[in-house]
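Please work through the exercises below with the model open beside the text. Each task is followed by a solution that goes step by step.

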Amino acid sequence: MRKNLSAVMASLIILGSAYPVFAAPKNVYTDADSGFAVKTANPSIEYASRHSYGFQENDSRTDSFNSVVAIPADVVAKKTGLPFSTKEFQAQLAAEMKKKSAVESEYALFRPETYQSANKKADYETAEDSLFDIFREEDMENGVFSYETKTVGKRNYYVISLQSPGAFDKEKDIDRNASDVKLYLTSENDILYVAESYCSAETEEAKKAAAEAGNKDTSLKETYQENGISMKTADDAMKNPTAVQKALLPLTEVPLTDPGFQKSLQKEREGLLKGLSFFKPDKKKAAFEMNDPVLKQKIVLPNDWLYLRGTPNLKDMDGVKLNIAWAAPHTMLNKFATVCMNSNVKRDLKPDEIYDLYDESVFFTSYSYKKGKDKNISDLIDEIFNIPQADMQKALDEAMPSLLNNENLKKYAVLSNTKANILNDGKQIQFSLASNVKVMDKYDFMTRGVLRGTKDKGLFSLYVAKGDKAKTEAVLNMADKVKLLPEK
């Protein structure tokens with residue numbers, strides 16, 4: 001599920017481009033419920049939900065984005081109107097492999113229209129409803145499809161390929177990127193597995209027009225990578241979310257038909273398939289969890305949520321490691337996808353529209369600290385932990401009126417029903433702040449921020465829900481359940 005999930009999330013929080021260099025060990029993402037595992041080398045960004053996982057390798061020469069989706073038999077049957085089993089799939093695949101030349105099959109799962117995004121994704125009730133969403137309407141109209149079968153190791157795949165040249169017409173307000181997509185279809189355990197490799201590039205006409213117009217939109221990605229999040233980049237995002245979305249999609253800088261590019265792309269796609277493995281799913285239906293490589297533990301999320309995460313390489317912060325993640329309901333993201341990916345929408349989203357689409361989400365950052373060469377950091381940490389709790393609470397109580405009555409802040413947001421407290425037992429410090437917030441005297445939100453830490457690790461969590469009440473209590477209190485101190 002390429003752009004409709006990963007790119008929309010990246011556009012929403014601008015996480016993927018805020019930290020361009022990531023350092024992560026070789027790892028394997030395992031979905032026990034769905035019976036698949038994906039080996040990655042050094043992903044710059046990852047997303048996951050129940051039944052799906054996607055990533056982009058940091059050292060990719062093609063800027064391709066890869067994903068794997070596991071579609072249960074009942075969901076396949078609901079989509080096609082026919083019962084589904086691995087036995088039937090493998091029989092259909094064996095028949096295709098015997099053909100001398102590949103042509104479009106009559107079998108529904110081998111036809112691209114089966115994977116066309118629905119027009120009313122906002123009406124989806126569960127995450128499973130969108131597992132078939134891959135090709136957009138414009139892909140079906142303008143793309144060139146081809147078909148083949150492929151064997152990697154002992155695993156056979158049916159392959160659907162899409163090459164779209166893209167289009168640019170300033171007068172007609174058309175600007176579609178060129179794309180190169182491959183779907184690798186296989187089945188095991190009565191589950192349909194869809195592995196996708198997606199990459200795109202601006203058309204030469206669009207590049208030329210942007211250069212002639214002095215358009216800076218094409219440099220947004222580089223701006224975010226160099227400067228991270230700032231008031232300027234945040235302002236750009238609010239003024240032109242379409243440009244931000246375009247900047248954050250994994251765009252290659254060379255034409256997709258370039259022989260060197262195609263050679264690298266095929267090599268990376270072979271790597272994707274070789275890194276896939278399948279096994280019998282765990283029927284215990286374990287909770288959906290987000291792995292935190294910094295705190296080295298699993299963090300439970302609601303089953304119908306999706307998260308995006310990355311681990312930035314902080315070269316200038318001696319001994320510090322960070323994990324940054326953002327999570328939200330799958331159905332909310334589909335609402336944004338419906339609007340942001342609609343080819344007929346050629347204008348910026350208005351604040352009212354964004355507020356209408358928004359529901360709730362949580363931003364999560366964890367850190368660990370190992371004493372390094374810079375003793376100033378260690379000394380500062382010790383000094384903070386030696387401050388008596390009473391003194392901390394007193395300082396907080398004195399600071400809150402200034403915050404709540406700050407006239408500059410009130411121009412943008414007014415806080416009410418604010419509760420703030422701080423605890424320090426010498427081993428762990430926790431600061432929490434919950435408040436209702438009215439933004440621009442019009443939009444109501446409920447927020448809760450938590451900062452917890454020991455001398456060597458900690459986390460920050462910010463929950464934001466539309467309206468005046470929390471919607472998902474488990475996510476609201478997620479940071480409270482993370483273990484930082486050893487079990488007694």
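**Exercise 1. Strand pairing around β17**

Which residue in β21 is the bridge partner of Phe363?

Solution. This is a predicted model, in which local features need pLDDT of at least 70 and side-chain atom pairs count only at pLDDT 80 or more, while totals for chains, interfaces and linings use all residues. Residues are numbered from 1 along each chain as its sequence is written, and side-chain values use heavy atoms, with hydrogens and water left out.

Begin with the elements: helices (H or I, at least four residues) and strands (E, at least two) are DSSP runs, numbered from the N terminus. Two strands pair if DSSP finds at least two bridges between them, and β17 pairs with strand β21 (residues 457-466) in the antiparallel sense over nine bridges. Within this pairing, the partner of Phe363 in β21 is Leu462. Next, turn to β16, which pairs with β17, also in the antiparallel sense, over eight bridges; here Asn323 stands opposite Ser366 of β17. Finally, consider burial, where buried means under 20% relative accessible area, exposed over 50%, and partly exposed in between (1.4 Å probe, protein chains only). Eight of the ten residues of β17 are buried, so this strand is largely enclosed by the rest of the structure.

**Exercise 2. The two faces of β15**

Determine which residues of β15 lie on each side, and place the strand among its partners.

Solution. In a regular strand the side chains alternate between the two faces of the sheet. For β15, Trp305, Tyr307 and Arg309 are on one side, Leu306, Leu308 and Gly310 are on the other, and all of these are buried, so that both faces are covered. Strand β15 (residues 305-310) is largely enclosed by the rest of the structure, because six of its six residues are buried.

The partners come next. Strand β3 (residues 43-49) and β15 are antiparallel and share four bridges, with Glu46 having Arg309 of β15 as its bridge partner. Between β15 and β16, which likewise run antiparallel, there are six bridges, and Leu308 stands opposite Trp326 in β16.

**Exercise 3. An enclosed space**

What residue classes make up the lining of the second largest cavity?

Solution. The search runs on a 1 Å grid over the protein atoms alone, and a cavity is a set of points where a 1.4 Å probe fits but cannot get out, its lining residues having an atom within 4 Å of a point. Grid points are joined across faces, edges and corners, and a volume is the space filled by probe spheres set on the points. Over the whole structure, two cavities of 30 Å³ or more are found, and the second largest holds about 30 Å³ of space.

Its lining consists of Met290, Leu301, Tyr307, Ala325, Trp326, Ala327, Val362, Phe364 and Met478. The elements that contribute two or more residues are β16 (320-329) and β17 (360-369), and β16 supplies the largest share, three residues.

To assign classes, count Ala, Val, Leu, Ile, Met, Phe, Trp, Tyr, Cys and Pro as nonpolar, Asp, Glu, Lys and Arg as charged, and the others, Gly among them, as polar. The lining then has nine nonpolar, no polar and no charged residues.

**Exercise 4. Aromatic geometry**

Classify the ring pairs Tyr53 with Phe55 and Tyr355 with Phe445.

Solution. Rings of Phe, Tyr and Trp (its six-membered ring) pair if their centres lie within 6.5 Å, and planes under 30 degrees apart count as stacked, over 60 as edge-to-face and the rest as tilted. The whole structure contains 17 aromatic pairs by this search. The rings of Tyr53 and Phe55 are stacked, because their centres are 5.7 Å apart and their planes are at 25 degrees. Tyr53 is buried at a relative accessible area of 1%, and Phe55 is buried at 3%.

For Tyr355 and Phe445, the ring centres are 5.4 Å apart and the planes are at 90 degrees, so the pair is edge-to-face. Since Tyr355 lies in helix α12 (residues 351-357) and Phe445 in strand β20 (residues 443-453), this pair ties together parts that are 90 residues apart in sequence.

Terms used: On a 1 Å grid over the protein atoms alone, a cavity is a set of points where a 1.4 Å probe fits but cannot get out, and a pocket is an open set with protein on both sides within 12 Å along at least five of seven lines; lining residues have an atom within 4 Å of a point.
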